[in-house]
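Okay, thanks for squeezing me in this morning. I'll put the sequence and the structure up on the screen, and then talk through what I found.

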Number of protein chains: 2
Amino acid sequence: MTPQPSARERLLDAADDLAARQGMRATPVDEILGRAQVSPATLYAHFGNKDGLVVEALRRRLSRWEVTWQACVDEADTPEDKVLALFTALARHRSSHTPSRWCVFLGAAAETPSPGSELASTLADDTRLLVDRLESIAQEHLAGVPARVLAHRISLVYTGVLGMILRGSEVDPVIAEGRAIAALAIRSLADGAAPADT
Amino acid sequence: MTPQPSARERLLDAADDLAARQGMRATPVDEILGRAQVSPATLYAHFGNKDGLVVEALRRRLSRWEVTWQACVDEADTPEDKVLALFTALARHRSSHTPSRWCVFLGAAAETPSPGSELASTLADDTRLLVDRLESIAQEHLAGVPARVLAHRISLVYTGVLGMILRGSEVDPVIAEGRAIAALAIRSLADGAAPADT
DNA sequence: GTCTATACAAAGATAGAC
DNA sequence: GTCTATCTTTGTATAGAC
């Protein structure tokens, strides 16, 4: 007898799932309500409006992503693998959560030319987490490598993987490809900082 | 006395401009009509519906992009520069056309979970042009390098640049960064195929 | 907090005249 | 081909009862 989750939880689950699959703008409120088995009034009582609900769902997703990523960093052995754990995390995240068409945050950004301040800050949080976390991992584990530069380059490659998924690339191969390119970027910057031995 | 372009041209210009700035789905028909100074009936007489108009505008944009890219390839001197001309072309395209928020084709894909067949094929054309053209450039100018692999890797990096622009990165620096990463990918594959001279 | 019913707004498309 | 006026559908949000 699994007790049914609260209306609030059901709304968040439905909004998250549908935004991931179809995009937040492409998903009408009615569809979220139908999926959650909740009436309109309940949604607006809890979240104020559709954007409020979506923002909450995105925040929850971001914090889950952060946990997954951190776990993959912790599991990695070598310094290089700790930086590249980003790609392991992406694969794991995609298999453990509701399937998203590419990236829910980039998708929301693409769908929303003029996001409200709450949405904008949530989307910015996603990018900030990406770049800053990469930088701190690099700083901690790859002494001598310019961490900020590395973080930007790997962010670019990671974002490219997501974009290629939107283009229709198969997920696992393109993640592997991104990982390979990122590894190249790491070695290149490492060589530059401390010229090749041998 | 510049003669006013036909209603059809004005519609294409307006749709292209607005789709580039805001996204096709985020742009209401009324706004296109207002910008083009055209009445609704005219739009539907020419293009059938909104999607028909957008698809035509996207096709026109794609063919212009192809021209710009080819010109940059022709102008490049070294084999490596011919492959990397993609990034020169991106910078040039962005400065010579109406400013787009990131990429009109990826934007349309992101906004449209279930595109109609015409739109879907136009979006696929964009990706196919990207990958296939890169492959043929590599085949022609970089003998011995696995052209298909190279084309995929550079497509990924290029797509990453576009995605980073969506994330809010400054355009010129991120294009330069993408170019640098792509150069790395080229050299890596070249070294693998024909071990370094010297 | 939650429901039913409904109001209100936006957007896509068409009718009929010229 | 093009216009004015209007219809239809869809989508967001609220009123009022329980």
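So, let me start at DNA strand D, with a serine. A polar side-chain atom of Ser39(B) sits 2.8 Å from a phosphate oxygen of that strand. And before I go on, keep in mind that what you're looking at is a predicted model.

Staying with strand D: His46(B) has a side-chain N or O atom 2.8 Å from a phosphate oxygen. Over on the other chain, a polar side-chain atom of Lys50(A) is also 2.8 Å from a phosphate oxygen of DNA strand D. Those three residues are among the closest to the strand, along with Val29(A) and Ala41(B), and 15 residues surround it in total.

Which elements build that surface? From chain A you get α2, residues 29–36, and α3, and from chain B you get α3, each of them supplying at least two residues. The largest share is from α3(B), with 4 residues. By class, the surface near strand D splits into 9 nonpolar, 4 polar and 2 charged residues. And if you look from the DNA side, 58% of the strand D atoms within 4 Å of the protein are sugar or phosphate, with the rest in bases.

Okay, on to DNA strand C. Here 14 residues surround the strand, and the closest are Ser39(A), Ala41(A), His46(A), Val29(B) and Lys50(B). On the phosphates, the side chain of Ser39(A) has an N or O atom 2.7 Å from a phosphate oxygen. Lys50(B) does the equivalent from chain B, with a side-chain N or O atom at 2.8 Å from a phosphate oxygen. Then there's Thr42(A), with a polar side-chain atom 2.9 Å from a phosphate oxygen of strand C.

In terms of elements, α3 of chain A and α3 of chain B, residues 40–47 in each, both supply at least two residues near strand C. α3(A) gives the most, 4 residues. The class breakdown for this surface is 9 nonpolar, 4 polar and 1 charged. As for the strand C atoms within 4 Å of the protein, 59% belong to sugar or phosphate, and the remainder to bases.

Now, how are the two protein chains related? Chain A superposes on chain B by a rotation of 180° with 0.0 Å of shift along the axis, at an RMSD of 0.0 Å. That's the relation of a two-fold axis. Both copies use the same surface, with 100% of the contact residues of chain A recurring in chain B. If you want to find the axis on screen, go to Gly160(A): within chain A, its C-alpha comes closest to the rotation axis, at 1.7 Å.

Let me zoom in on Val38(A), which is in the loop between α2 and α3 of chain A. Is it buried or exposed? Val38(A) counts as buried because its relative accessible area is 12%, and the cut-off is under 20%. Apart from neighbours within four places in sequence, Val38(A) is in contact with Ala7(A), Arg10(A), Leu11(A), Leu33(A) and Leu43(A). For a sense of scale, its C-alpha is 38 Å from that of Val131(A), which is 93 residues away along the chain.

Last bit: the aromatics. Over all chains there are 7 aromatic pairs. One of them is Trp65(A) with Tyr158(A), which is stacked, with 6.2 Å between centres and 20° between the planes. That pair links distant parts of the chain, since Trp65(A) is in helix α4, residues 50–75, and Tyr158(A) is in helix α8, residues 147–167, 93 residues apart. Trp65(A) is buried at 7% relative accessibility, and Tyr158(A) is buried at 7% too.

In chain B, have a look at Phe87(B) and Tyr158(B): the ring centres are 6.3 Å apart and the planes are at 70°, so this pair is edge-to-face. Phe87(B) is in helix α5 and Tyr158(B) is in helix α8, so the pair ties together parts 71 residues apart in sequence. Phe87(B) is buried, at 1% relative accessibility, and Tyr158(B) is buried at 7%.

And back in chain A, ring pairs join Trp65(A), Trp69(A), Phe87(A) and Tyr158(A) into a cluster. That's where I'll stop, and I'm happy to rotate things around if anyone wants a better view.

Definitions and conventions: Residues numbered from 1 in each chain as written. Chains lettered and ligands numbered in written order. Predicted model: local features only at pLDDT ≥ 70, side-chain atom pairs only at ≥ 80, totals over all residues. Heavy atoms only, no water. Near = heavy atom within 4 Å. Polar contact = N/O pair within 3.5 Å; in protein donor to acceptor, adjacent residues only side chain to side chain. Nonpolar A, V, L, I, M, F, W, Y, C, P; charged D, E, K, R; others polar. Least-squares fit on C-alpha atoms with pLDDT ≥ 70 in both. Contact = heavy atoms within 4.5 Å. Buried < 20%, exposed > 50% of the residue type's maximum accessible area, 1.4 Å probe, protein only. Phe/Tyr/Trp six-rings, centres within 6.5 Å; stacked < 30°, edge-to-face > 60°.
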